Amino acid sequence: MKVCKFGGTSVASATQIKKVAAIIKEDATRKIVVVSAPGKRFDDDIKVTDLLISLAEASLSGKDAEEELQAVVERYADIAAELGLDHEIAQVIEQDLRDRISQDKENRDLFIDQLKASGEDNNAKLIAAYFSSIGLEAEYVNPKDAGLIVSDEPGRARALPEAYENLRNLRDRKGIVVFPGFFGYSKDGVMMTFARGGSDITGSILAAAIGAELYENFTDVDSVFAANPKIVDQPVEIKRMTYREMRELSYAGFSVFHDEALMPAFQHSVPVCIKNTNNPSAEGTMIVAEREYSNSPVIGIAADGGFSTIYVSKYLMNRELGFGRRLLQILEEEEISYEHTPSGIDDLSVIVRSHQLSPEKEERIIQKCREDLKVDDVHIEHHFAMVVLVGEGMNNTKGLTARATTAISQAGANIEMINQGSSEVSLVFGIKEEDTTNVLRALYKEFFSTTAVLGV
Ligand SMILES: Nc1ncnc2c1ncn2[C@@H]1O[C@H](COP(=O)(O)OP(=O)(O)O)[C@@H](O)[C@H]1O
Ligand SMILES: N[C@@H](CC(=O)OP(=O)(O)O)C(=O)O
């Protein structure tokens, strides 16, 4: 039995949904189908999830949100009409959205989550109706009825252990299960979404729960490539990679698969295959526990901007017990998580995602560092990017860092920070955001210019 997840681009229009149906028809073991909300049909398009966030925000601000509501309804109405479905389905979706925006707005995050989740929920209902209309035995299954219980964290929920036991029963359903991605329900029955891009996580949880032979993740590229194909021209394809490698690369910028979606599949030994809805006969990328890596120590290079550095220095910091803990506690009090902490004898930098900061938070952090930690200097800098080289074989390969640093300097960029990940499968370089594209291209050229295919 296979679990298939179709991402936003795979269900963005009627044409795409017809391709999904053909893929399901082709293989009788594709029994559980997880769907996203309609995504982008073209580069400048807006994902339904983003339209829903605008709708939620307009409703919260007390404005007339009719225009935002109609923008969502229109997307579904167009899809339904082109699939030859009854217009009633668009009316039902419109009523559902009206019901959701009239709900209690006291908890802002929960209110936004109810709207975000509707994107996948309504699309799953629509796709199940379409499957039935073309003679496939299919049913929409609601995550609450199936027991997808998650933590009480709107916008960043995680599946609880009992969810896996409950979801195992999906194996016994007769026809094809069409399951909405991206959300579950707390123990109190409140709808909670995963992090953005979280339909991948739903697919992985379901695959783990039912002990699937394979989790197929359908998207709009033939495979995972060694670098982002939007930045590097025709990057080499990765045929096979490990869960660890994919997790590191997803976290560092490979948006093709969610980093939190690796763990459920890994823990239950379910292989993952990334495939293309627009070219399903292409082999795709297999993500497995182990691979042969002697001929390709680096498997991918990811880059992501939006980082800030909190820099502190204090003479004899190295001898002061608890300094690091107290610094990190200041960040904890501001609800900021950190990514890296490169340090010297008398100085320490904490690298964080910039979106977690605000001018007020920065001021409080600086003040607490001065008053509580009595530092000699503290300042915060923005606009950094992290470029990450990933590969199981990197740790055993001599001269790799030298090759990388030479390539970065030849790209005209300064290295602000180096961190060898303790997982030993990654090497991180902090650079200025403006240098990201040049550095990524230079590193790609250095490590892959003579490689035809990776991971075989
Ligand atoms: N290294 C990479 N390999 C493949 N795709 C990548 C990579 N890095 C970024 N991407 C981007 O990820 C996109 C697919 O992810 P996403 O847009 O979330 O798809 P979906 O709609 O299927 O969820 C691709 O179109 C590609 O531009
Ligand atoms: N629709 C949600 C969840 C998701 O996984 O979407 P996609 O498959 O388009 O990445 C989002 O945009 O965050």
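Reader: What makes α2 and α3 roughly antiparallel to each other?

Author: Happy to walk you through it; please keep in mind that this is a predicted model. Helix α2 (residues 48-60) and helix α3 (residues 66-82) pack at an angle of about 155°. Angles over 145 degrees count as roughly antiparallel, and therefore α2 and α3 get that description. Their axes are 8 Å apart, and α2 passes α3 in a left-handed crossing.

Reader: How do you know which residues of α2 and α3 meet?

Author: The test is that their C-beta atoms, placed from the backbone, lie within 7 Å. On the α2 side that picks out Val48, Leu51, Leu52, Ser54, Leu55 and Ala58. They meet Glu68, Leu69, Ala71, Val72 and Arg75 of α3. Sorted by class, this contact has eight nonpolar, one polar and two charged residues. Glu and Arg count as charged, so Glu68 and Arg75 are the two charged residues here.

Reader: Why are α4 and α5 also given an orientation label, and which one is it?

Author: Helix α4 (residues 88-101) packs against helix α5 (residues 108-133) at about 160°. The cut-off is again over 145 degrees, so α4 and α5 are roughly antiparallel to each other. The distance between these axes is 11 Å, and the crossing of α4 past α5 is right-handed. From α4, the contact takes in Ile89, Ile93, Asp96, Leu97 and Arg100. From α5 come Gln114, Leu115, Ser118, Asn122, Leu126 and Ala129. That contact has six nonpolar, three polar and two charged residues.

Reader: How is the packing of α2 and α5 described?

Author: Two packed helices are described by the angle between their axes and the distance between the axes. For α2 and α5 the angle is about 145°, and the axes lie 8 Å apart. The crossing of α2 and α5 is right-handed. In α2, the contact residues are Val48, Thr49, Leu52, Ile53, Leu55, Ala56 and Leu60. In α5, their partners are Arg108, Phe111, Ile112, Leu115, Lys116, Ser118 and Gly119. Nine nonpolar, three polar and two charged residues make up this contact. Gly counts as polar, so Gly119 is one of the three polar residues.

Reader: What makes Thr49 and Glu120 a single spot?

Author: UniProt, in an unreviewed entry, places the feature "binding site" at Thr49 and Glu120. These positions span 72 residues in sequence, yet their C-alpha atoms are no more than 8.4 Å apart, so they gather at one spot. Thr49 lies in helix α2, and Thr49 is also among the closest residues to ligand 2.

Reader: How do you know which residues surround ligand 2, and how many are there?

Author: A residue belongs if its C-beta atom, placed from the backbone, lies within 6 Å of the molecule. There are 15 such residues, with Gly7, Gly8, Ser36, Thr49 and Ser199 the closest. By class, that shell has two nonpolar, ten polar and three charged residues.

Reader: Why do Lys5, Phe6, Gly7, Gly8, Thr219 and Asp220 belong together?

Author: The unreviewed UniProt entry gives them the feature "binding site" too. They span 216 residues in sequence, yet no two of their C-alpha atoms are more than 12.2 Å apart, so they gather at one spot. Phe6 sits in strand β1 (residues 2-6).

Reader: And what surrounds ligand 1?

Author: Ligand 1 has 19 residues around it, of which Gly7, Thr9, Thr219, Asn228 and Val256 come nearest. The shell divides into seven nonpolar, ten polar and two charged residues.

Technical notes:
Residues numbered from 1 in each chain as written. Chains lettered and ligands numbered in written order. Predicted model: local features only at pLDDT ≥ 70, side-chain atom pairs only at ≥ 80, totals over all residues. Axes fitted to C-alpha atoms, helices over the stretch in contact; angles between N-to-C directions. Helix = DSSP H or I, 4+ residues; strand = E, 2+ residues; numbered from the N terminus. Parallel < 35°, antiparallel > 145°, perpendicular 65-115°, else oblique. Left-handed = near helix turned anticlockwise from the far one by under 90°. UniProt positions renumbered as here; feature names shortened; annotations may be inferred.
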